[in-house]
Amino acid sequence: MRVVTFNALTPELADWPRRREVIAEGIRALAPDLITLQEVGDDIVELLGPGWHFAWHSGRDDGAGAVAASRWPLGAVHELDQRPAGREVRSAWCATVAAEVLAPSPLWLVHHKPSWPYGYEAERERQAVAAARFVERLVPDPATTVVLAGDFDAEPDSASVRFWTGRQSLDGMSTCYVDAWRAKNPNDAGHTFSPHNVLVRDGDMPAEAGRRIDYVLLRAGIHGPPLAVADCRRVFTEPLGGVQASDHYGVFAEFEAVPRRPGDLTALRSHEAGFPQS
């Protein structure tokens, strides 16, 4: 299973017609099964081409929003409004969308978009907890695969991401999602918003030092994740024909079946000891 998350930068900026072609070509080459896209408009449906099924965040800012897309048909789709009360910046598409994917095995795709400003980590913490509880209500069976992806606007050592990845509890709750990037690149910072990107240097955050804020995560059960991370890498990092796709780099992750099911080792030890199998 191949997954891509990518903040495409609102079509109002930086020569969208040329960037659009670069993005379309890149996605075709990656051939993902699931995608979460941020800062896109309705023309993303035409960009991806036929054979996709879409779950949109209901809110838009100046025509731009967020969408999850699947090669498999979608079943139930649910949205959790995450706009923070009492804050000046309340993006219309600040929300978490969970979509049931009608794949051969039980699967849900969760597209999380918390608050983006630098000083809003308290909001991102509350949004992460609310989203995690939202997912657990919708998908209580730990045997069901849950892919969580998006632009989280928070670094790996932030409280909200530490919460998602099982390294910190918040508000009396804990969970654990495997960070695909960290699983394959534990010693690489993997910045997805970087001053090496010309659209970052020329954008609204020219003093940006570099952060990893875009993620593909996989919910773990008590024995770990249901799938293994086969590959994870940044995409859309280099200009194509002089065109930089976005001010973000995307994240591509590929998952594969684990070599054995949880409990197999226990059964093997019991068999070797001559214990009867239940």
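This is a dialogue in which a learner and a teacher read the sheets, a salt bridge, a pocket and a cavity of a predicted model.

User: Before we begin, what should I know about the numbering and about this predicted model?

Analyst: Residues are numbered from 1 along each chain as its sequence is written, and side-chain values use heavy atoms, with hydrogens and water left out. The model is predicted, and local features need pLDDT of at least 70, side-chain atom pairs count only at pLDDT 80 or more, and totals for chains, interfaces and linings use all residues.

User: In what order do the strands of the open sheet that contains β3 and β11 stand?

Analyst: Strands (E, at least two residues) and helices (H or I, at least four) are DSSP runs numbered from the N terminus, and two strands pair if DSSP finds at least two bridges between them. Here six strands form an open sheet in the order β3-β4-β2-β1-β12-β11, with mixed pairing. Its edge strands, β3 (53-56) and β11 (227-235), each pair on one side only. Within the sheet, β1 (residues 2-7) and β12 (residues 250-257) are antiparallel and share four bridges; Val3, for instance, has Ala253 in β12 as its bridge partner.

User: Which strands does helix α1 touch?

Analyst: Contact means heavy atoms within 4.5 Å, while angles run from 0 to 180 degrees between N-to-C directions, along axes that are lines fitted to C-alpha atoms, for helices over the stretch in contact. Helix α1 (residues 16-30) packs on the sheet and touches β1, β2 (34-40), β11 and β12, its direction making about 160 degrees with that of β1.

User: What is the strand order in the open sheet that contains β5 and β9?

Analyst: This open sheet of six strands has the order β5-β6-β7-β8-β10-β9, and its pairing is mixed. Because β5 (74-81) and β9 (177-179) stand at the edges with a single partner strand each, one side of each is left without a neighbour in the sheet. The twist from one strand to the next averages 20 degrees. Strands β8 (residues 145-151) and β10 (residues 214-219) run antiparallel and are joined by five bridges, with Asp214 in β10 as the bridge partner of Asp151.

User: How many salt bridges does a search of the whole structure find?

Analyst: Side chains of opposite charge can pair when their charged atoms come close. A salt bridge is counted when a side-chain nitrogen of Lys or Arg is within 4 Å of a carboxyl oxygen of Asp or Glu, and the search finds 16 salt bridges. One of them joins Arg60 to Asp42, with the closest N and O atoms 2.8 Å apart. Arg60 lies in the loop between β3 and β4 (65-70) and Asp42 in the loop between β2 and α2 (44-48), so the pair ties together parts that are 18 residues apart in sequence.

User: Which residues line the largest cavity?

Analyst: On a 1 Å grid over the protein atoms alone, a cavity is a set of points where a 1.4 Å probe fits but cannot get out, whereas a pocket is an open set with protein on both sides within 12 Å along at least five of seven lines; lining residues have an atom within 4 Å of a point. The largest cavity is lined by His112, Pro114, Arg124, Ala128, Phe152, Ser160 and Trp164. Helices α3 (121-138) and α4 (159-164) each supply at least two residues of this lining.

User: Which residues are closest to the centre of the largest pocket?

Analyst: Of the 34 residues lining the largest pocket, the closest to its centre are Leu9, Glu39, Trp116, Asp204 and Asp247.
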